[in-house]
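Here is a short report on a helix pair and a few loop residues. Look over the sequence and the model before reading on.

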Amino acid sequence: MSSPENLAPPVTVVGMGADGWPGLPEQSRDALRAAEVVIGGGARQLGLLPDTEVRAARVPWPSPLRPAVPGILAAHEGRRIAVLASGDPMFHGIGRALTEVLGPGRLRVLPHPSSVSYACARLGWPLEDTETVSLVGRDPATLSAALYEGRRLLVLSAGADTPGRVAALLRARGFGPSGLHLLERLGDPDQERQVHGTADAWTVPPGDPLNILAVECRRAAEDAGPRLGAVPGLPDAAYENDGQLTKRHVRAATLAALAPAPGELLWDIGGGSGSVGIEWMRTHRSCRAITVERDEARAARIARNAEALGVPALKVVQGAAPRVLSPLPVPQAVFIGGGLTAPGLLEACWEALAAGGRLVANTVTLESEALLADWYRRHGGELVRLAVAHAVPVGGFTGWRQAMPVTQWSVTKPGTEEP
């Protein structure tokens with residue numbers, strides 16, 4: 001039996017390239033001809049449709065777009081709606097928002113080759129080996145997390161000034177020698193343009209806003225900054241800190257116990273320098289984290305570290321836990337790196353944690369260790385002591401200097417989340 005939503009006419013989403021109407025297959029043209037309303041990105045995009053072929057009312061999306069989607073669709077409910085999109089609507093496009101509002105059953109998607117496909121075709125880069133980073137509506141610092149020697153990146157631009165901003169970021173991050181390939185109006189037989197250079201020497205003025213930037217990552221040989229790997233346990237020198245920092249080897253063990261997975265949310269309680277939340281988010285672009293830090297100067301420092309290490313979307317909440325925890329969204333993992341003895345903190349974190357979620361707590365004090373031992377007896381999990389020693393000069397010889405041992409309790413909350 002059909003549900004009420006399936007009785008409404010489907011919304012057809014038509015992908016279009018820079019070549020406009022001539023580049024559309026007949027199926028896409030027929031969908032636009034049959035529409036009573038065509039919703040598009042603006043006057044430029046809607047103007048690519050010939051009046052003699054498409055007689056539908058033309059409605060531009062407002063800005064910001066995402067909050068307006070339900071209202072505009074509802075205003076034209078019952079009419080044959082076509083949505084005009086750039087390239088492939090389901091690749092960083094309007095298709096995602098439409099699916100969230102209408103559900104996939106009410107959409108008919110007719111894709112066009114994306115700018116990413118065109119760029120790889122022009123450059124001879126295998127698409128499966130090329131990472132795509134979107135800066136549309138995102139802080140350019142997001143790109144920092146993808147910078148590794150020898151990697152090829154395709155940057156989806158937010159506008160004409162994006163290439164210049166990317167070049168400046170690459171220079172600031174020690175990747176000035178990186179090759180840059182600016183590709184404008186891909187697929188347009190008359191206006192497609194390519195410009196090539198390096199980040200160090202980039203002086204190209206802003207051009208067409210419809211562009212994509214290809215980056216061949218090369219790190220400057222003289223760059224003295226710490227090498228940043230793709231796994232948790234970044235060098236301590238990568239963080240601006242005042243001594244409140246989960247050290248590298250303990251941090252790697254902590255992230256292993258937290259076991260981040262794509263799309264999950266972490267609460268990092270007692271953020272210090274933000275290292276655990278930052279490295280949680282660096283494991284996958286869809287990982288999210290909220291860091292709670294009561295000290296104002298440290299909270300600001302966490303935000304600076306997050307931007308420098310490519311995860312500017314890290315949310316920093318300044319305030320004392322557990323008081324500030326109640327409005328926060330449900331986490332799949334919680335790390336407590338400080339303030340364990342605060343009244344009600346462990347109870348609040350345990351209560352908030354999703355079923356099947358993980359809680360990890362570290363401490364170096366006997367008082368907090370006793371508290372963790374008690375929770376270990378009540379809830380199980382794993383209680384370990386992490387000890388790290390570093391080789392240091394001892395006169396004319398070398399000896400071991402022991403760091404303070406860290407007691408770590410990790411546990412998975414019983415129960416299964418409902419689908």
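Is helix 8 largely enclosed by the rest of the structure or open, and why? In this predicted model, eight of the eight residues of helix 8 are buried, so the helix is largely enclosed by the rest of the structure. The buried residues are Ser275, Val276, Gly277, Ile278, Glu279, Trp280, Met281 and Arg282. Several elements cover them. Among these are helix 7, strand 11 (265-269) and strand 12 (288-293). Helix 9 (296-308), strand 14 (333-336) and strand 15 also belong to the cover.

**The helix 7 and helix 8 pair**

Two packed helices are described by the angle between their axes and the distance between the axes. Helix 7 spans residues 248-258, and helix 8 spans residues 275-282. Their axes come within 10 Å and cross at roughly 55°. The two helices are therefore oblique to each other. Helix 7 passes helix 8 in a right-handed crossing. Helix 7 brings Arg251, Leu255 and Leu258 to the contact. Helix 8 brings Ser275, Val276, Glu279 and Trp280. By class, the residues of this contact are four nonpolar, one polar and two charged.

**Three loop residues**

| Residue | Loop | Relative accessibility |
|---|---|---|
| His112 | between strand 5 (107-110) and helix 5 (115-123) | 7%, buried |
| Leu245 | between strand 10 (211-216) and helix 7 | 12%, buried |
| Thr365 | between strand 15 (358-363) and helix 11 (366-379) | 33%, partly exposed |

Leu245 counts as buried because its relative accessibility is 12%, and buried means under 20%. Beyond its neighbours within four places in sequence, Leu245 is in contact with Asp236, Tyr239, Arg251, Ser273 and Ser275. Arg251 and Ser275 also take part in the contact of helix 7 with helix 8. Leu245 and Gly263 are 18 residues apart along the chain, and their C-alpha atoms are separated by 25 Å.

Which residues does His112 contact, leaving aside its neighbours within four places in sequence? They are Gly15, Met16, Gly17, Asp19, Gly23, Gly87, Asp88 and Tyr118. His112 itself is buried, with a relative accessible area of 7%.

Thr365 is partly exposed, at 33% relative accessibility. Its side chain makes a polar contact of 3.2 Å with the side chain of Ser368. From Thr365 to Glu279, the separation is 86 residues in sequence and 25 Å in space, C-alpha to C-alpha. Glu279 is one of the buried residues of helix 8.

Technical notes: Residues are numbered from 1 along each chain as its sequence is written. This is a predicted model: local features need pLDDT of at least 70, side-chain atom pairs count only at pLDDT 80 or more; totals for chains, interfaces and linings use all residues. Side-chain values use heavy atoms; hydrogens and water are left out. Helices (H or I, at least four residues) and strands (E, at least two) are DSSP runs, numbered from the N terminus. Buried means under 20% relative accessible area, exposed over 50%, partly exposed in between (1.4 Å probe, protein chains only). A polar contact is a pair of N or O atoms within 3.5 Å; within protein, one must be able to donate a hydrogen and the other to accept it, and residues adjacent in sequence count only if both atoms are side-chain atoms. Axes are lines fitted to C-alpha atoms, for helices over the stretch in contact, and angles run from 0 to 180 degrees between N-to-C directions. Angles under 35 degrees count as roughly parallel, over 145 as roughly antiparallel, 65 to 115 as roughly perpendicular and the rest as oblique. A crossing is left-handed if the near helix is turned anticlockwise from the far one by less than a right angle, and right-handed if clockwise. Contact means heavy atoms within 4.5 Å. Ala, Val, Leu, Ile, Met, Phe, Trp, Tyr, Cys and Pro count as nonpolar, Asp, Glu, Lys and Arg as charged, and the others, Gly among them, as polar.
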